[in-house]
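Visitor: I am new to this structure. Could you show me around?

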Amino acid sequence: MRSIKDLEIDGKRVFIRCDFNVPKDEFGNITDDRRIRSALQTIRYCIDRDCKIILASHYERPEAGKYEEKYSLVPIAKRLHTLLKIKREVLMAEDVIGEDAQAKANSLEAGDVLLLENLRYEAGETANDINFAKKLADFADIYINDAFGACHRKHASIHAITTFFDTKHKAGGFLMGKEVNFFSKILENPIRPFVAVVGGSKISGKLEALNKLVDKVDKVIIGGGMAFTFLKAQGHEVGESLVEDNLLEEALRIMAKAKTLGVKFYLPVDVVAAAEFSENTTVKFVPIQEIPKGWMGLDIGPASTRLFREALNDAQTIIWNGPMGVYEMDRYSKGSFAMSNNISQTHATTIVGGGDTADVVLRAGDAEEMTFISTGGGASLKLIEGMALPGIEALK
Ligand code: AMP
């Protein structure tokens with residue numbers, strides 16, 4: 001993949017596909033602007049080279065054709081302006097490829113930045129529509145993809161658009177380069193012991209990644225909802241905990257494979273059990289063997305936290321994807337925060353992937369202590385699986 005550094009971009013019109021899909025609270029405030037900050041390096045590089053810059057991103061999943069305010073990128077443009085610390089305002093288009101976007105793009109001067117509205121307001125984006133892609137491509141002479149988090153999707157601004165630029169006019173941005181290099185270096189040549197910490201709700205979404213990780217790592221630590229499928233497969237009574245019954249066999253197969261390969265496999269030994277899926281209910285710490293019928297495990301317990309800390313002690317490389325419990329509720333967040341603290345206190349190279357996991361690390365105050373926090377959850381899982389990402393392939 002070529003880098004923006006390899007292209008002649010001075011004074012040119014540059015289209016940068018960013019991933020500004022940041023989390024917001026119920027009042028519409030941006031709660032974590034890491035994805036916007038991660039894009040600054042590429043944008044500043046273009047500003048310094050007197051480019052006319054057109055930025056584009058998706059935001060969540062609006063209904064195509066419907067311009068709902070809650071999906072608008074207006075707050076992103078404001079935050080971007082603050083972070084860029086430039087005098088000229090970041091221009092905001094009222095549409096994606098419509099009259100306003102065209103007029104504003106035509107009025108750009110050297111160093112100006114224009115942000116198009118949410119790409120998914122247009123049906124052509126997710127349909128990878130070539131005509132829509134052509135309209136986007138017409139904005140610029142150069143195409144830069146810095147949206148690692150969206151690279152596993154075959155969408156118009158990621159995929160179809162690249163057909164309108166030859167190799168001298170398209171490349172990956174700095175963030176993209178960093179993400180890809182980090183994951184390939186770690187997966188190809190990790191310093192051992194290499195430990196994978198995997199959590200989150202379900203095995204199904206991470207099955208392939210988990211399979212590949214077992215081939216590469218020395219230890220696997222499992223937490224979160226997915227642990228219960230493994231525990232049930234081992235014969236434990238897990239009550240009403242989240243279980244994927246159709247994957248019990250697969251869970252046994254993964255554990256057997258780990259055993260054959262000499263990979264140490266760690267599951268929680270205790271849980272925070274709740275009578276129902278709510279914060280306002282009776283909660284108790286119980287060993288895995290004692291989950292009452294009808295109750296559910298919503299976080300790992302303190303003994304699991306200590307066990308996992310021991311297992312992490314000698315790690316030299318740690319890759320973490322997925323929270324240890326329902327961290328969105330205070331009462332079930334301790335296991336995830338403790339995991340974040342424990343990982344950050346090791347001397348290992350630590351890579352965090354996935355929006356939820358990054359959120360845990362941020363809230364736990366450990367972001368500075370991690371070696372690398374990936375901006376792309378799904379995309380990083382695909383890289384771990386060894387799959388080619390459409391967005392990256394299209395730049396080659
Ligand atoms: P994922 O998107 O698969 O990484 O899953 C993240 C989600 O898993 C978070 O929203 C957590 O609330 C949820 N989660 C973690 N542990 C559990 C659990 N024990 N039971 C139910 N959901 C969980």
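Guide: One term comes before the ligand: a residue is near a molecule or strand if one of its heavy atoms lies within 4 Å of it. This is a predicted model, where local features need pLDDT of at least 70, side-chain atom pairs count only at pLDDT 80 or more, and totals for chains, interfaces and linings use all residues. Residues are numbered from 1 along each chain as its sequence is written, and side-chain values use heavy atoms, with hydrogens and water left out.

Visitor: How many residues surround the ligand?

Guide: The closest include Ser-201, Lys-206 and Glu-328. Gly-297 and Gly-325 are also among the closest. The number of residues around the ligand is 14.

Visitor: How far is a polar side-chain atom of Glu-328 from an oxygen atom of the ligand? What is that distance?

Guide: A polar contact is a pair of N or O atoms within 3.5 Å; within protein, one must be able to donate a hydrogen and the other to accept it, and residues adjacent in sequence count only if both atoms are side-chain atoms. Ser-201 places a backbone N or O atom 2.9 Å from a ligand oxygen. Lys-206 uses a polar side-chain atom, with a ligand oxygen 2.9 Å away. For the polar side-chain atom of Glu-328, the distance to a ligand oxygen is 2.4 Å.

Visitor: Which secondary-structure element holds Arg-253?

Guide: Helices (H or I, at least four residues) and strands (E, at least two) are DSSP runs, numbered from the N terminus. The side chains of Arg-253 and Glu-250 share a polar contact of 2.9 Å. Residues 248-261 form the helix that holds Arg-253: H9.

Visitor: Why does Arg-253 count as partly exposed?

Guide: Buried means under 20% relative accessible area, exposed over 50%, and partly exposed in between (1.4 Å probe, protein chains only). Arg-253 is partly exposed because its relative accessible area is 40%.

Visitor: Is Asn-128 buried or exposed?

Guide: Asn-128 sits in the loop between helix H4 (123-126) and helix H5 (130-137). Its phi is near 55°, a positive value in a residue other than glycine. At 19% relative accessibility, Asn-128 counts as buried.

Visitor: What is the relative accessible area of Asp-50?

Guide: Asp-50 belongs to the loop between helix H1 (34-48) and strand S2 (52-56). Phi of Asp-50 is positive, near 55°, in a residue other than glycine. Asp-50 is partly exposed, and its relative accessible area is 45%.

Visitor: Is the peptide bond from Arg-192 to Pro-193 cis or trans?

Guide: Pro-193 lies in the loop between helix H6 (174-188) and strand S7 (194-198). Omega of the bond from Arg-192 to Pro-193 is near 0°, and the bond is cis.
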